[in-house]
Amino acid sequence: MSVLQEILTWSHDRPMWQRDALRRLSVQGELDDADVRALTDICKSGHGLAEAQEAAPLDKQHVPDRATGPSVSLGSIYHHRGVNALAEEQTLNFAPGLTVVYGDNGAGKSGYIRILKSACHARGREEILGNVVSGSAPFSPVVAIKYQVGNEPAPREWTGALDDELISRVSVFDTHGAAVYLTEKTNVKFRPFGLDLFDKLVQACKSVRLQLEADQRSLGSDGVAAIVPQFVAGTAAAKFLASVSSLTKPDALSALAHLSDEEEARLSLLDKALLDQKANDPEKLAQQLTLRHGRVTGLARHLGAVEAALSDTAVSAMIDIRAAGSRKAEEANRLRDATFPAGLLAGTGSENWAAMWEAARSYSEEVAFPGRAFPVTADDAKCVLCQQQLDLAAAHRFEQFQTFVISKTESELRHLREGFARQRKVLLDLRVQTEGVEEARKEIALDQEQLASEIGEALTGNEDRRKAVVACLAENGVLPPDLQKVVPVSEAVAALASQLQERIRLLRASINKEAQKALSAELVELQSRKLLASLEGAVLAEIDRKKRFAAYGLCLEETRTQSITAKSTAVTKVAVSQKLKQSFQEELGRLGFRHMAVELKEQGGADGVFYHRLVLTRAPGVELPKVVSEGEQRCLSIAAFFAELSTADDPSGIVFDDPVSSLDFQWRGSVAHRLVEESQRRQVIVFTHDVVFLLALKQCAEQQGIAALDQHVRHLPRGAGVCEAELPWVAMPIKKKLGFLKKAWQDADKLSRDGHQDAYEKEAKHLYGLLREGWERALEEVLLGGLVERFRPSIQTQQIALIADITDDDCKLVEVSMTKCSTWLPGHDKAPAWRAPVPPPAELQEDISKLETWVGAVRKRRV
């Protein structure tokens, strides 16, 4: 498992904000202020201190698996527009093996490197700016990188829209990102690939901690301390305030602060009872309270009766009886129709008729025929109404009437009507408001104004209800939907009566000082609780403040770095294995770094970083930067980079940006050889502005039989980064120099043919200067066979046999040709009388051909 994979697995148990921080660090390289603020908010949201925040934890896509999968190589960069001052519509091509991109300082190489660092894996991406010095608004970058994945038939393309896991397997080595960081000029520290994330995570923890501490301080000081002096020490309320913490439950505060109705009544009682004890004539006060108690008790009974009579139950009962009576009357009508013969007077059997029948019954049983059951229908009987003798038909009708009247239906109907009449009469006779009631209410208002007001509202509301119900019953209608509700107040008045009774009891009882002290203590307790209720908002705010303060404490706990340092140490010990150390030594050997013994030594951990120091094996106490040169430091960093690559079985491409920008002369060849050697197993792309290093790369490639792709980046009037396939003149071998000269001759010949003689002569003199350089290059490369070369410290003695065939003709031709070229070199002051004409195009062409013919002849005879 690679270091980055180990970090990914470890991160799963880290707080979400740290996982998000690792993602940002892996993608961006560094965190800005906005990142720190966002991470702080994510941390706070995890403990309820902020709204839920969207977090994107470190995931596999942010940590490419560098140990598996097919290799990835770059094909080209296409720049449409928008990157730095690069010219538009430029394509920089790369070969599968070795590609050398040459460009002077300011030619535009850095723009292409920034594009690559945006797509590939690098030690921190750089912001890609537009052409900010153009004088107009810069365009947004539009670029495309074509790359090959393994043996896929078609290349893929990255356009900058999203992170691409595959292309990120290509690594970029530059001065800002390497496995060896030169953090200080006096200190060289080895940081294996990926372990810098621990260091940066620790810095993120420190930054987030500063934000959290500032937010925590903004919560202010204890808000309860200022109100504690208002409470009597020792009371439950005072003790509660002293114990307020982040764990205090608001329900506990509510339960203590809010008095029940009984406790409110008790508070009022104690307050008055203790005042009663101070009366000049307790007995007289007791008598007055007794009379008042009687009046209040009577009022409570009256109010209770009113509420009972007007209750929803009582009103519903009356409505139900009325409805039942209506149903029973319909049933009685049906029975009457079935019982009575046709032709009777209208209304027979009705309620009025029944009243008449009952009056006749009373007269018969009490006066006319005492002791005989009504109706009397014997032979001597007479009608109690018309006083006539009853015939058989009349007697039969009387019997039918009696049967109807004594039937169950009629009996139930009479019962319902009587019950309804009684209940209706109760409402009609009910007097909600009386003088006595009003007098009692006014008396209560003397010291219970609120209660007296409630009584008045209850009396008014209940009287309105009574009138509405009576009207509904009289009109045989339905209750209105907005019927006034019963306003209950009798229980409160009854409680007042009980309080008066208790005051009387306490007043007449012999209360000693201890008892009074106990009552006073109870009163203080209730008063303190009531005061606490008035300050409940402030106490709740303090509880919330303490909860938030404690939550910030939990957040701050997450910023501790000990566990990060411990993990960094553990991972580093595994990552910096014997293989890595051995690979480092092997890389030093390949680079020819043998003149001093340097090794990696663990230096312990701090703040998430486990350090290794490059030390002198024989003098570990001597600071290495005081011994090695700047070039040697870069050599060590390249060795460490290749050592890190050796730990991952992933031959994807690597890109070097000016790897020898600060190398000593003696290390150029070694580094060139190592890079060319690496191009045999993976794609190697080298950006450089160093011509000597360029030539060293070309020579090493030729020696190892590797065909390198040349790319030349130039700064022209249309912009920087103009791409050409040819290297600059100074880096061309003799074959390409000859090709360049022949093409340039064609342009010069055209100037002559078009009559531009002055322009031709100027160009011809320039070409003779280049031709002389061509002879010099041919002398070094062809005649001497590479035995010695400028800027190369070594002599190729194995090539010495080649120079045995050098003839006098060779020497004479070289001397004559270079002398002629020198004649036309700019910078040589000519005598005024010397007016030799510039050789015409045909002669110039012949002179170029002489060089080409001679080069071919020498090479042919050495085959």
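**Aromatic pairs and a four-stranded sheet**

Colleague: Quick one to start: is Phe740 buried, partly exposed or exposed?
Modeller: Phe740 is partly exposed, at 36% relative accessible area. Keep in mind that this is a predicted model.

Colleague: Sure. How many aromatic pairs turn up in the whole structure?
Modeller: The search finds 5 aromatic pairs. One of them joins Phe642 and Phe656, with ring centres 5.7 Å apart and planes at 35 degrees, a tilted arrangement.

Colleague: Where do those two sit along the chain?
Modeller: Phe642 belongs to helix H21 (residues 630-646) and Phe656 to strand E11 (residues 654-657). They are 14 residues apart, and the pair links distant parts of the chain.

Colleague: And why does Phe656 count as buried?
Modeller: Because its relative accessible area is 0%, and the cut-off for buried is under 20%. Phe642 is buried too, at 3%.

Colleague: Back to Phe740, then. Which residue does it pair with, and in what geometry?
Modeller: Phe740 pairs with Trp729, again tilted, with the centres 5.3 Å apart and 55 degrees between the planes. Phe740 is in helix H24 (734-753), while Trp729 is in the loop between strand E14 (719-724) and that helix, 11 residues away.

Colleague: Is Trp729 buried or exposed?
Modeller: Trp729 counts as buried, with 13% relative accessibility.

Colleague: What lies over the face of Trp729?
Modeller: That would be Lys737, at 4.0 Å from the ring centre. On the other pair, Arg674 lies over the face of Phe642, at 4.2 Å from the ring centre.

Colleague: Nice. Which residues form a cluster with Phe642?
Modeller: Phe173 and Phe656 join Phe642 in one aromatic cluster.

Colleague: Changing topic: what is the strand order in the sheet that holds E1?
Modeller: The order is E2-E1-E4-E5, an open sheet of 4 strands with antiparallel pairing.

Colleague: Which strands are at the edges?
Modeller: Strand E2 (90-93) and strand E5 (156-158). Each has a single partner strand, so one side of each has no neighbour in the sheet. From one strand to the next, the twist averages 20 degrees.

Colleague: How many bridges hold E1 and E2 together?
Modeller: There are 4 bridges between E2 and strand E1 (residues 72-81), in the antiparallel sense. Among the bridge partners, His79 goes with Gln90 in E2.

Colleague: Last one: which helix lies across that sheet's strands?
Modeller: Helix H4 (residues 109-119) lies across E1, E2, strand E4 (142-149) and E5. Its direction is at about 125 degrees to E1.

Methods
Residues numbered from 1 in each chain as written. Predicted model: local features only at pLDDT ≥ 70, side-chain atom pairs only at ≥ 80, totals over all residues. Heavy atoms only, no water. Phe/Tyr/Trp six-rings, centres within 6.5 Å; stacked < 30°, edge-to-face > 60°. Buried < 20%, exposed > 50% of the residue type's maximum accessible area, 1.4 Å probe, protein only. Lys NZ or Arg CZ within 6 Å of the ring centre and 35° of its normal. Pairing = 2+ DSSP bridges. Axes fitted to C-alpha atoms, helices over the stretch in contact; angles between N-to-C directions. Contact = heavy atoms within 4.5 Å.
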